[in-house]
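Student: I would like to go through this model term by term. Please set each value against its definition.

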Amino acid sequence: MSRWKYFLQRLVLTVPILLLAMSIVFLIVRAGPLDPARAIVGMGNPAGYHDVAVDLGIERAVRVDGEVRYVDVPLWQQYVDFMAGLLTLDLGQSWVIYPETSVYEVIALRAPRTLWLGFWSVLIALFVGIPLGFYAGLNPNTWGDYTASFGGIVWRAMPNFWLAVILVAVLSNSQQLFGFSWQQLVVPTNVVTAPNLGFLTDPGMFLSDPGRAFNQLLGATKQILPAAIVLGSSSMGNEMRIGRTAVLETINSNYVETARAKGVSARSIVWKHVFRNALIPLIPIITAEAFLLIGGSVIVEYIFAINGLGQLFFTAATKGDLPLVGSLAFIFILLTLSLNVLQDFLYTIIDPRVGYEEN
Amino acid sequence: MLDKDNLSRRDFLKGTGGVAGASVLAGCDGGGSGDSTPAESTDTTSGSDGGDAGTTLNMINTGTMTSLDPVAISDTASGIVANQCYEGLMTYPNANPEVEQNLATGYETSDDFLEYTFTLQEGVQYHNDMGELTASDVVYSWERLAASPASERAYFILDSMGIEAQNQNGEAYATGDEYQPGSMQVEATGDYEVSFTLRRPFHATMQMLAYGNFAIHPEGIVGDIEGYDGEVDQETIATSASYGTGPFVLDFWEQGDSAQVTAFEDFRRDDQPKLDAINWAIIEKPEPQYRYATNGNADLLKIPTQYYDPGKVSVEETTEAGQEMGTYGPISSGSLNGTTVNYLRTPEIGTYYIAFDVSNTEPAVRKAVAYMVNREEIANSTFKKRQPVAYHLTPPAIYPGGAEAYDQHVEENYPYGLAESQIENAKQVMEEAGYGPDNQYELTINSYQGIFTEMVRGLRDKLSAAHINASVEPTDFATIIEKGKKGNLQCYTLGWIADWPAPDNFVQLMAPEYTDVAELGQSALTYTNWSEIDTDAKTQAQEAWDTISNNLDPSDEATQTRAEAYVQLEEANWEDVVLINIVHGATERFYGDNVSVEPFGGMGISRQTHYTTTKE
């Protein structure tokens, strides 16, 4: 089996997973304890209930002797409609949170904030965690290693919700604590609430009004950093620890010793041989962290008042906007699966052993 | 908020559970909301490019805004913004319950209180160059309220107020029918004169017309009712532009982030509004609300219960309506550290209660709980003195005879002890019913999540002394409804906020006929099944309710008859312990000396339009 055949196989496998996951979502939304139409109508009246139920495909209006009656649509029929809707990417609309607004629109408004936060938290983890881990692995049992390792464990151990509350409190009171105001530092920004991401939705601004665009970029980066550090903290620690172990393992392996015996320069050994091999165990860790983009950010979004996708999903669930919950869950499933595919793709490229068995 | 229907089954007074639920949220999540303080720095409203200098009042909006289409508004968060942009014929001035004319300059009523004729102000301009207000706009706006698919409050005009109309079969409309679009008896009798006819007299007609959903917008602006193509689609009026006559024009609303309105240049009073703009950051959770405000980002602060210290309040003045004014401080966080801000607390026309399904709880148990509840203790500890205690369902501001009569009636008649837990009485009544330490009664309480769960947990611990083994299940609003309409609730907590400021809007919750879950399903006003049991008190309650229903006109005689019936209903409820009222809502506002804003009244902070608010 060639590498690409392996990759293709993985790709095809995502289809049944997608179907299974969607079926579970269907069961939770439609067969769960909460009647979706009831949740939308609230404490009210039967007539309104039937209108919504018909719109959602739960009931059907039938005329009996000139009188309108409402009949339940069988669950299997609902299932077929539900799956067909999602697979044709017809995500429907929000009912409770933003009535009459399409799910795409709701997501388009919220997604930039979550992506910006996710982007920075993954970036911080990558560019701080991995270099530190590699440094520690290359210099084992030195004070530098001890410091980095200890720091990694501490970051890993601090719970997000706690760290977030503390960070917000500290930054809010920076004037009293450190003698400078974080809000006024470099560019004026708020401690909480989402940054202005105008430059993301309108990239043309960088050409038409570069001064303002760069100022916005700077402000948005500064404002998102505390939240991103909190969100990325545990993965940073993770990547540091695993990076260190991976480097240690590789650097002590026989082929590295051989290369060294051959007289290959230390620089070449580290960058060409050790680095690439040490990345292999890190890939699933990194792609798994990309899930932070979605679910993990609920608490951080909550405390920093960044109303993104995580917050939207949570609100939709607690306020009973079940159609929106279903559609969002579908989007999250798609994202998760694409990240899995990306992971397999990276494996295929980086690890030459993939697909070796039959060769 | 969760209310999507527009018909009700029985005639007269159908409630707004959605509103009640939403208000429970508002009342409890942060323990009442406040507003206001000085932004010393010229600040940084995020996400808005429009927030330029000048005098922009910065506030926090604590809920998810859903829609700004006047007929679609059913939640406080949207109302706060829409009330700056839209106006109706009547208004609650600064949210006070006594209504005043707004777009109307006068009105006449026929002797039988069925026909109303309003004259309108002339020369009132709409936002976005939509021309001048005329009587046909009123007809159009109200038709949208009754017939638009976007309308959340069709029953306000068709059922509560009861304007004459026809159903789909061409017969006279009665509650529960499907409305025949275009059949409502609202008529433009001149360019600036509009008249309508009611099915039956209704004493709170003026109060209903002050409701935000009755706001006037230009004829034909949206084509979602018959006979109009529409100049903009419904989504535009719901999310991106305002077409009202109010002092502010919607600038932008970025969902989940912020909203802003700017002064309307052609507003009919030249010297208003005083502000250039108002900006709301949408922050739903208490922790960031507090940080945002105390970091100087908002002029009107929010102080969530966990950061609130009742010892920092000093009240200097109390108004007749019970509003307390004074100072709060010093604040101990952020750039406002060490400052003291202005303080206002307004009792709101709302009530939060514990309800029992009387068909599956024993009278002894309900009485025992009533003996054990110590409202003063709950208000002081759980609610940190932010909410006033409630013995009646009807709030003091609208209680017949006012707050004094309220207090007097409670002191003289409340059977279960004031400001104390009567453990011995509770024990005795349970033991008489055959319960004891080895034979405890099992009670499940579905408490609305948040501060109510905390309150009920405190109560649970006390109840064990009275041989009641209570288990508390924190439950979200949607689930309470779901369980309620199936009759699966034994005991639960919810609240009610006024649709119109009159006791009948409250005591309807105790009308036995509206508690019949089996017949009404989720349209029951409380899931208490009082109709199912046979007691003297229940008969008294139903009779009192019938008296109210038969005397709805605004005459003095009918008002007096209703007032007596309200008190009878309250007493019947005490006797059978169907609802145990705990606290009335109250809302606080905190703001700095640079802001000058009128105190808001009992109809709630969202109904205050900032005509005269200034900021230095």
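Tutor: Start with strands. Helices (H or I, at least four residues) and strands (E, at least two) are DSSP runs, numbered from the N terminus. Two strands pair if DSSP finds at least two bridges between them. The model is predicted: local features need pLDDT of at least 70, side-chain atom pairs count only at pLDDT 80 or more, and totals for chains, interfaces and linings use all residues. Residues are numbered from 1 along each chain as written, chains are lettered from A and ligands numbered from 1 in written order, and side-chain values use heavy atoms, without hydrogens and water.

Student: What makes S8(B) and strand S9 of chain B a pair?

Tutor: Six bridges join S8(B) to S9 (residues 258-263), and the two run antiparallel. The definition asks for at least two bridges. B:Glu254 stands opposite B:Ser258 in S9(B).

Student: Why do strand S1 and strand S8 of chain B count as edges?

Tutor: The open sheet has four strands in the order S1-S10-S9-S8 (chain B), with mixed pairing. S1 (56-61) and S8 (248-254) of chain B each have a single partner strand, so one side of each is left without a neighbour in the sheet.

Student: Why is B:Asn529 called buried or exposed?

Tutor: Buried means under 20% relative accessible area, exposed over 50%, partly exposed in between (1.4 Å probe, protein chains only). B:Asn529 has 7% relative accessibility, so it counts as buried. B:Asn529 lies in the loop between helix H15 (517-520) and helix H16 (536-550) of chain B. Its phi is near 55°, a positive value in a residue other than glycine. Most residues other than glycine have a negative phi.

Student: What class do A:Arg267 and B:Ala419 fall into?

Tutor: A:Arg267 is at 65%, so it counts as exposed. A:Arg267 is found in helix H13 (residues 266-289) of chain A. B:Ala419 is at 42%, so it counts as partly exposed. B:Ala419 also has a positive phi, of about 50°.

Student: How do you know that helix H11 of chain A is not straight?

Tutor: The expected span is 1.5 Å times one less than the number of residues. H11 (residues 210-251) of chain A has 42 residues, and a straight helix would reach 62 Å. Its end C-alpha atoms are only 47 Å apart.

Student: Where does H11(A) bend?

Tutor: The bend at a residue is the angle between axes fitted to the seven residues ending there and the seven starting there. At A:Gly232, H11(A) bends by about 45°.
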